[in-house]
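Trainee: Could you teach me how to read a protein structure, feature by feature? I would like the general idea and then the case in front of us.

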Amino acid sequence: MQQISESEFILMKIIWKNGGSALFSKIMEELEQEENEWKNNTVLTLLSRLIGKNFLKVHKIGRRNEYIAVITETEYQTVQTHGFIDKVYAGNVKNLVNNLLCQDILTEQEWKEIERFWKNKNE
């Protein structure tokens, strides 16, 4: 899977947030709500790049374009997580978890949530 830029990722998050598809007007509306002042041409360029990278496909509805995610947010997160673990921890998940625990990166609340998750998963 190709990498996407931070700007492209912002657009993907909007589309995922809207159930995996969004009209151009909805994307622009969401960007405006986030106080993002990108121009139409900038957004169209980013959307075209995402189509070229096979993250999106476009469906014409009359004169309007609906942008549809080809991959889910969970699929993207999974690929990115594996890439991060491979790159930073040489594929060793144990080292990642050790770092999270030993460097006090996890809050007590997060630690408790993980414990509950593992208990429920193993039941």
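Mentor: We will go through a helix, some salt bridges, a strand residue and a surface patch. First, this is a predicted model, where local features need pLDDT of at least 70, side-chain atom pairs count only at pLDDT 80 or more, and totals for chains, interfaces and linings use all residues. Residues are numbered from 1 along each chain as its sequence is written, and side-chain values use heavy atoms, with hydrogens and water left out.

Trainee: Let's begin with helix H2. Which of its residues are buried?

Mentor: Two terms come first. Helices (H or I, at least four residues) and strands (E, at least two) are DSSP runs, numbered from the N terminus. Buried means under 20% relative accessible area, exposed means over 50%, and partly exposed is in between (1.4 Å probe, protein chains only). In H2, which covers residues 24-33, the buried residues are Phe 24, Ile 27, Met 28, Glu 30 and Leu 31. Looking down the axis of H2, you find these buried residues within an arc of 160 degrees, so they line one face of the helix. That arc is taken from the directions from the helix axis to the C-beta atoms.

Trainee: Which residues are exposed on the other side of H2?

Mentor: Those are Glu 32 and Gln 33. Just after H2, Glu 35 has a positive phi of about 60 degrees.

Trainee: What do the buried residues of H2 pack against?

Mentor: Contact means heavy atoms within 4.5 Å. The buried residues of H2 pack against helix H1 (6-17), strand S1 (21-23), helix H3 (40-52) and strand S3 (64-69).

Trainee: Now for charges. How many salt bridges does the structure hold?

Mentor: Here is the idea: side chains of opposite charge can pair when their charged atoms come close. A salt bridge is a side-chain nitrogen of Lys or Arg within 4 Å of a carboxyl oxygen of Asp or Glu. The structure holds 5 of them. One of them joins Glu 30 and Lys 17, with the closest N and O atoms 2.8 Å apart. This pair links distant parts of the chain, since Glu 30 is in helix H2 and Lys 17 is in helix H1, 13 residues apart.

Trainee: Is Glu 30 buried or exposed?

Mentor: Glu 30 is buried, with a relative accessible area of 4%, whereas Lys 17 is exposed at 58%. Leaving out residues up to four places away in sequence, Glu 30 touches Ile 14, Lys 17 and Asn 18. The C-alpha atoms of Glu 30 and Ile 14 are separated by 7.1 Å, and these two residues are 16 residues apart along the chain.

Trainee: What about salt bridges inside one helix?

Mentor: An α-helix has 3.6 residues a turn, so residues three or four places apart point the same way. Lys 26 and Glu 29 both lie in helix H2, 3 residues apart, which is about one turn of the helix. They form a salt bridge whose closest N and O atoms are 3.5 Å apart. Lys 26 is partly exposed at 27% relative accessible area, and Glu 29 is partly exposed at 40%.

Trainee: Where is the salt bridge of Glu 108 and Lys 112?

Mentor: Both residues are in helix H6, 4 residues apart, and about one helical turn separates them. Their closest N and O atoms are 3.2 Å apart. Glu 108 is exposed, with a relative accessible area of 56%, while Lys 112 is partly exposed at 37%. Elsewhere, salt bridges that share partners join Lys 17, Lys 26, Glu 29 and Glu 30 into one network.

Trainee: Let's try a strand residue. Which residues does Asn 65 touch?

Mentor: Asn 65 sits in strand S3 and is buried, with a relative accessible area of 19%. Not counting residues up to four places away in sequence, Asn 65 touches Ala 22, Leu 23, Phe 24, Val 58, His 59 and Lys 60. The side chains of Asn 65 and Lys 60 are also joined by a polar contact of 3.1 Å. A polar contact is a pair of N or O atoms within 3.5 Å; within protein, one must be able to donate a hydrogen and the other to accept it, and residues adjacent in sequence count only if both atoms are side-chain atoms.

Trainee: Last one: which residues make the nonpolar surface patch?

Mentor: Patches are made of residues with over 30% relative accessible area and no salt bridge; like charges are joined within 9 Å, and nonpolar side chains (Val, Leu, Ile, Met, Phe, Trp, Tyr) within 5 Å. Here Val 93, Val 97, Leu 101, Trp 111, Ile 114, Phe 117 and Trp 118 make a nonpolar patch of about 620 Å². Helix H5 (93-102) and helix H6 (108-121) are the elements that give two or more residues to the patch. H6 gives the largest share, 4 residues. One residue of H6 is Ile 114, which is partly exposed with a relative accessible area of 31%. Accessible areas come from the Shrake-Rupley method with a 1.4 Å probe, and for residues only the protein chains shown count as cover.
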